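Please look over the sequence and the structure shown here before reading on. The report is written for someone meeting this structure for the first time.

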Amino acid sequence: MSLKFLIFLLSVVRYSKALVKCNGKVSKIQLCSLQNDEYDESIPPWSPGNPMILYSYITVYKIAELHEEENTITLNFLLSVVWYDTRLSLESNNPNKSIEWYNVNEFDETQIFTPTLEISGTKTIVRTRKYGAIDKDYFWYFHTDNMMEYQQSLKVKIYCSIDFKHFPFDSHTCDLNFGASGNEAQVLKMNAPMIDHENQSVSHHDELLHMRQSRLPFDITLESLEPFEYVQRGLSFSYVGMRIHFTRNDFGVLIGGY
């Protein structure tokens, strides 16, 4: 079972007005299109043989539960994605003011390309909120590099194979895989994720990241997986993932037996 989620949860009403073209005559700070043709927000910036690259970063807060009967684990993490849209620029009504970072608003979200990701093998996905009267997602455009950066906090329960027949010497692995289900791999490719936890970071081909986890009776390590393609109805989509390794470290039951 898989659940799809819109990274940007576009629940606002689509505006009929297209993204304005950059012309140097504006009354406010705004995103604009550098294209001569109308900007198409339904597709990423790409050219044949040159797909857009979506960079992902997973900040793992905690592994909250390993459920034997459900064959699931529950984890809390922050998913950040970065991409570059060279079709965009930023105009200001003040030519003397240099602007690098721009806070993308709800209107902008309806006018520009935003990727849709799918997490595979999920039982539940809960989008977690911050504390405060107004909680807005982190969504910024870095004008100097045409870079978009978006972050969303999630609590996810995923299915995985859990086998306790070797208890108390058991070990388990679970994969958290996600991909760009809205665009084919020929136009959008995922990059192997960078994984962070408590000031530690690992990327693909690095050694495993060891979590400091006191609640569960396991040593837990995290691994960044190589990108792969998922084929559905004859179409290929780019996916990446994180592998979670569990090795039991609580031998109290065994020692008590002796």
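What follows is a short account of four residues, their places, their exposure and some of their contacts.

The model is a predicted one, and the account begins with Glu38, which sits in the loop that runs between β2 (30–33) and β3 (52–67). With a relative accessible area of 58%, Glu38 is exposed, because exposed means over 50%. When residues up to four places away in sequence are not counted, Glu38 touches Ala18 and Lys21; Lys21 is 17 residues apart from Glu38 along the chain, and the C-alpha atoms of the two are separated by 8.2 Å.

Thr221 belongs to strand β16, which covers residues 218–232. Its relative accessibility is 10%, so Thr221 counts as buried, the cut-off for buried being under 20%. Apart from neighbours within four places in sequence, Thr221 is in contact with Leu208, Leu209 and His210, and also with Arg243, Ile244 and His245.

Two asparagines, set out in the table, have a positive phi although neither is a glycine.

| Residue | Phi | Loop | Relative accessibility |
|---|---|---|---|
| Asn71 | about 55 degrees | between β3 and β4 (72–84) | 28%, partly exposed |
| Asn199 | about 65 degrees | between β13 (194–197) and β14 (200–202) | 88%, exposed |

Asn71 thus lies in a loop that follows on from β3 and leads to β4, and at 28% relative accessibility Asn71 counts as partly exposed, whereas Asn199, in the loop between β13 and β14, is exposed with a relative accessible area of 88%.

Notes
Residues are numbered from 1 along each chain as its sequence is written. This is a predicted model: local features need pLDDT of at least 70, side-chain atom pairs count only at pLDDT 80 or more; totals for chains, interfaces and linings use all residues. Side-chain values use heavy atoms; hydrogens and water are left out. Helices (H or I, at least four residues) and strands (E, at least two) are DSSP runs, numbered from the N terminus. Buried means under 20% relative accessible area, exposed over 50%, partly exposed in between (1.4 Å probe, protein chains only). Contact means heavy atoms within 4.5 Å.
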